[in-house]
Amino acid sequence: QAGSKQVDFNQTHFAFPLHLKKIILNQVKCAYTTSLPSQQYIVHVQHLQVDCNANIKNVSLQVAGTVALQQAKYQETIYEPNMPLSIDVRVQYALSKQHYTLQPSILREGGHDIHLQGSCSTDMADSFMDVQIHADRLTIPYILSWLPLSYRQRISNYQLQGNLMCQIHLT
């Protein structure tokens, strides 16, 4: 069309298309298959409440509830722990920077607390990850219960005992 003019997209005029304040899920089964056909995750959401706050620069989520990873599959390895996991997680996402910030958060399973915090960026020009994980007094059998069955069978003849305190910093 003659005389038409194309205007560049201006990030400052971006409006987040959804205005959700709260999402509540009860008894929902979620299956996620990645772009790799050999990778799949199945999660059973027993109860989950997501409080949302979004504006033109940031999206903030506070996620609390109980979920159970029913299956994680990668190639031939299948992991089926089906353990209820209590979560209390706070995440912020800066839209223009593609930057995630995980505020101090807790994952709890069977009386064991795992503390998480950190940040990462998915921006191709400035991609990074900086995550801290901290847990106190995890028993060795408890930690091994999170391994896929095929790995646990390899060490089933050993008498394992003791506790582990861990502090991990991934960058």
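## Surface and overall make-up

About 12300 Å² of this protein is exposed, and carbon and sulfur atoms supply 55% of that area. Keep in mind as you look around that this is a predicted model. Of the 171 residues in the protein, 23% are buried.

On the secondary-structure side, there are 2 helices and 9 strands. Walk along the sequence and you get the pattern β-β-β-β-β-β-β-β-α-α-β, with the helix pair sitting between the eighth strand and the last one. As for how the chain meets itself, take the contacts between residues at least 6 apart in sequence: 42% of these join residues at least 24 apart.

## The main nonpolar core

The largest nonpolar core has 11 residues in all. Its members are Val45, Leu48, Val50, Cys52, Val63, Val67, Leu85, Ile87, Val89, Leu107 and Leu116. Three elements give two or more residues each to this core: β2 (39-54), β3 (58-74) and β5 (84-94). The largest share, 4 residues, comes from β2. As a bit of background, nonpolar side chains tend to be buried together in soluble globular proteins.

Cys52 is a handy core member to zoom in on. Setting aside residues up to four places away in sequence, cysteine 52 touches Leu20, Lys21, Ile23, Ser60 and Leu61.

## Aspartate 88 and its salt bridge

A search of the whole structure turns up 2 salt bridges. One of them joins the side chains of aspartate 88 and arginine 90, at 3.6 Å from N to O. In general, side chains of opposite charge can pair when their charged atoms come close. Aspartate 88 has a relative accessible area of 28%, so this residue counts as partly exposed. Arginine 90 is partly exposed too, with a relative accessible area of 30%.

Aspartate 88 belongs to strand β5. What does aspartate 88 contact, leaving aside its neighbours within four places in sequence? The list is Gln62, Val63, Ala64, Ser105 and Ile106. Val63 also appears in the largest nonpolar core. For Ile106, the sequence separation from aspartate 88 is 18 residues, while the C-alpha to C-alpha distance is 5.3 Å.

## The second salt bridge and histidine 112

The side chains of aspartate 113 and arginine 108 meet in a salt bridge as well, this time at 2.5 Å from N to O. Both ends are partly exposed: aspartate 113 has a relative accessible area of 24%, and arginine 108 comes in at 38%.

Right before aspartate 113 in the numbering is histidine 112, which lies in strand β7 (residues 112-121). Is histidine 112 buried or exposed? Its relative accessibility is 16%, so histidine 112 counts as buried, the cut-off for that being under 20%. Without its neighbours within four places in sequence, histidine 112 is in contact with Leu107, Arg137, Leu138, Thr139 and Tyr142. Leu107 is another name from the largest nonpolar core.

## Two tyrosine pairs

How many aromatic pairs does a search of the whole structure find? The count is 2. In one, tyrosine 32 and tyrosine 41 are stacked, with 6.5 Å centre to centre and 20° between the planes. Tyrosine 32 is exposed, with a relative accessible area of 52%, whereas tyrosine 41 is partly exposed at 30%.

The other pair, tyrosine 93 and tyrosine 100, is tilted: the centres are 4.4 Å apart and the planes make an angle of 35°. Tyrosine 100 is partly exposed, its relative accessible area being 34%.

## A nonpolar patch outside

Back at the surface, Met129, Ile168 and Leu170 make a nonpolar patch of about 240 Å². Isoleucine 168 sits in strand β9, which covers residues 163-170. With a relative accessible area of 36%, isoleucine 168 is partly exposed. Patch residues need over 30% relative accessible area, so isoleucine 168 clears that cut-off.

Note on methods: Residues are numbered from 1 along each chain as its sequence is written. This is a predicted model: local features need pLDDT of at least 70, side-chain atom pairs count only at pLDDT 80 or more; totals for chains, interfaces and linings use all residues. Side-chain values use heavy atoms; hydrogens and water are left out. Patches are made of residues with over 30% relative accessible area and no salt bridge: like charges are joined within 9 Å, nonpolar side chains (Val, Leu, Ile, Met, Phe, Trp, Tyr) within 5 Å. Accessible areas come from the Shrake-Rupley method with a 1.4 Å probe; for residues, only the protein chains shown count as cover. A salt bridge is a side-chain nitrogen of Lys or Arg within 4 Å of a carboxyl oxygen of Asp or Glu. Buried means under 20% relative accessible area, exposed over 50%, partly exposed in between (1.4 Å probe, protein chains only). A nonpolar core is a set of buried Ala, Val, Leu, Ile, Met, Phe, Trp, Tyr and Cys residues joined through side-chain atoms within 4.5 Å. Contact means heavy atoms within 4.5 Å. Rings of Phe, Tyr and Trp (its six-membered ring) pair if their centres lie within 6.5 Å; planes under 30 degrees apart count as stacked, over 60 as edge-to-face and the rest as tilted.
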